[in-house]
Amino acid sequence: MAVPVNSKDALLQNMNAGDYFPISYEELEERAQTVMSAGAFGYVRSGAGGEETLRSNRTDFQKHSIVPRVLTDVSSINTSITLFEKQYDHPFLLAPVGMLKLAHEDADLAVAQAAARYGIPFVQSTVSSYSIEEVAEVSSLSPKWFQLYWSNNRSVSFHMAERAEKAGFEAIVLTVDTVMLGWREEDLRNRFSPLKLGYGKANYESDQVFLQSLPDESEESIIQGILNNIHHPSLNWEDVAELKKRTKLPILLKGILHPKDAKLAVENGIDGIIVSNHGGRQLDGIISAISALPAIAEIVNKQIPVLFDSGIRRGADVVKAIALGADAVCIGRPFVYALAAGGQKGVEKLLENLIQETKVSISLAGASSIAGLSSVKLVQTT
Ligand SMILES: Cc1cc2nc3c(=O)[nH]c(=O)nc-3n(C[C@H](O)[C@H](O)[C@H](O)COP(=O)(O)O)c2cc1C
Ligand SMILES: CCCCCCC(=O)C(=O)O
């Protein structure tokens, strides 16, 4: 399958394609709903509480409008970015999403291979459906980062980071907004718990330090052990400092929304941050991620990379987030739905469309590079 190089090629390719594959986020979500169980789909789609934040992640994007420039010669577009001294062709990563077997049997293996095809970093979750080593095996030469969920037993956290480093992962993303799971009404309604179903156990059942902490290695003990480990309300800056001492990899904190925490991250020598509200899945009623971004970008002032997620659905969203100060964005739910709808090929199709739509959006905004987006004007409406 050739990768389209502009919107005309994409249109032709789509016209010649056999089966229709959903293009928009809305169509993808609809398709995913038809192939996933109600519990699994509800888990992916939903947000915490009354889903106010899930909604504002989108509606606040719509409050920012691009004021495009014309006659700027956009015949040559460069969408590459550099993070931690490595260059990537596209300004996006795939956000960590746990328990991907809920969407497709091939889960992380399919997604890692799709991302590899475009040189897009895949961020593997701690609660992934395949282990760190299994993902490394299918994507040995391509960029991948590891997302760490802190564990009550610190030695388990340090050991997971060590395994990721050994397996060739290039950064550690420590998620700091999920010290406990948010109040998720949809899952309560559906009586749905993917952790209890065992979809997120791959990294635990293959971790000697974790296994040694259990009374025995039965399935029941493993699941109970994960549940005990994953609830980690005491996580604090000292733990982060300790983690930093234990790994050579850059560490990013995911889930930063307050400028003071962004400042503390810089002061504590953290290598990067991800502005995110976890896709509205943690605390409901909090600031949308896009509203939090400008003040954080301002305080960080380019000292470390600022990544962004929660609400990216289209190329124009990528333009807006970068114009508001992000260095790169992470894609979440769209790739989960694409995985459910078409496995690895589905994720590839999504990425192709997103790459293409982002290029078109950057060009039509009047810029020709990611750096050029910082001077694209946005106006805010209420
Ligand atoms: C089903 C699902 C599982 C997720 N699992 C994780 C996870 O294991 N670790 C993590 O840091 N974030 C996790 N996230 C949050 C994503 O990394 C990301 O912040 C979020 O999906 C962004 O919002 P969006 O999907 O609406 O764009 C998960 C999100 C979803 C939808
Ligand atoms: C307390 C950690 C459970 C992680 C579940 C995966 C996740 O992040 C999610 O949003 O769901």
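**View 1. Ligand 1 and the polar side chains that reach it.** In this predicted model, the side chain of S276 has an N or O atom 3.5 Å from an oxygen atom of ligand 1. T175 also points a polar side-chain atom at an oxygen of ligand 1, here at 2.7 Å. K254 goes for a nitrogen atom of the ligand instead, with a polar side-chain atom 3.0 Å away. How much of ligand 1 does the protein bury? On its own the ligand would expose 610 Å², and 98% of that is buried by the protein. Pan around and you can pick out 22 residues surrounding ligand 1, with P96, S125, T175, R313 and R333 the closest. Sorted by class, that shell has seven nonpolar, 10 polar and five charged residues.

**View 2. Ligand 2 and its ring of neighbours.** The residues around ligand 2 are Y43, M99, Y149, T178, L181, R184, L195, I230, H278 and R281. Three of the contacts to look for involve oxygen atoms of the ligand. Y43 brings a polar side-chain atom to 2.3 Å from one ligand oxygen, and the side chain of Y149 has an N or O atom 2.5 Å from a ligand oxygen. H278 joins in with a polar side-chain atom 2.8 Å from an oxygen of ligand 2. Of the 340 Å² of accessible area that ligand 2 has by itself, the protein covers 93%. Six nonpolar, two polar and two charged residues make up the shell.

**View 3. Helix α14 and its two sides.** Which residues of α14, spanning 259-267, are buried? They are A262, A265 and V266. Viewed down the helix axis, these buried residues stay within an arc of 100°, so they line one face of α14. The face turned away from that buried side carries K260 and E267, both exposed. As for what the buried residues pack against, look for α13 (237-246), β8 (251-256), β9 (272-275) and α15 (289-300). Just past the end of the helix, G269 takes a positive phi of about 75°.

**View 4. Helix α4 under cover.** Helix α4 runs over residues 52-62, and its buried residues are T53, L54, S56, N57, R58, D60 and F61. The cover over them includes α3 (38-45), β1 (64-67), α15, β10 (306-308), α16 (315-323) and α17 (333-365). Leading into this helix is the loop between α3 and α4, and that is where E51 sits. With a relative accessible area of 15%, E51 is buried. Its backbone is worth a look too: E51 is not a glycine, but its phi is positive, near 65°. For context, most residues other than glycine have a negative phi.

**View 5. K302, a second non-glycine with a positive phi.** K302 belongs to the loop between α15 and β10. Phi is near 70° here, again a positive value in a residue other than glycine. Is K302 buried or exposed? At 64% relative accessibility, K302 counts as exposed, whereas E51 in the previous view is buried.

**View 6. T79 in the loop between β1 and β2.** T79 is found in the loop that links β1 to β2 (81-83). At 6% relative accessibility, it counts as buried. Its side chain reaches the backbone oxygen of D89 at 2.7 Å. Which residues does T79 touch, leaving out those up to four places away in sequence? The set is Y88, D89, H90, P91, K359, I362 and I370, so D89 turns up both in this list and as the partner of the side-chain contact.

**View 7. S139 in the loop between α6 and β6.** S139 lies between α6 (132-138) and β6 (144-148), and with a relative accessible area of 4% it is buried. The side chain of S139 reaches the backbone oxygen of V135, at 2.8 Å. Setting aside neighbours within four places in sequence, S139 is in contact with A112 and K144. For a sense of scale, follow the chain to F158, 19 residues apart from S139: the C-alpha atoms of the two are separated by 23 Å.

How values were computed:
Residues numbered from 1 in each chain as written. Chains lettered and ligands numbered in written order. Predicted model: local features only at pLDDT ≥ 70, side-chain atom pairs only at ≥ 80, totals over all residues. Heavy atoms only, no water. Near = heavy atom within 4 Å. Polar contact = N/O pair within 3.5 Å; in protein donor to acceptor, adjacent residues only side chain to side chain. Areas by Shrake-Rupley, 256 points an atom, 1.4 Å probe, with all protein chains shown as cover. Nonpolar A, V, L, I, M, F, W, Y, C, P; charged D, E, K, R; others polar. Buried < 20%, exposed > 50% of the residue type's maximum accessible area, 1.4 Å probe, protein only. Helix = DSSP H or I, 4+ residues; strand = E, 2+ residues; numbered from the N terminus. Arc of directions from axis to C-beta. Contact = heavy atoms within 4.5 Å.
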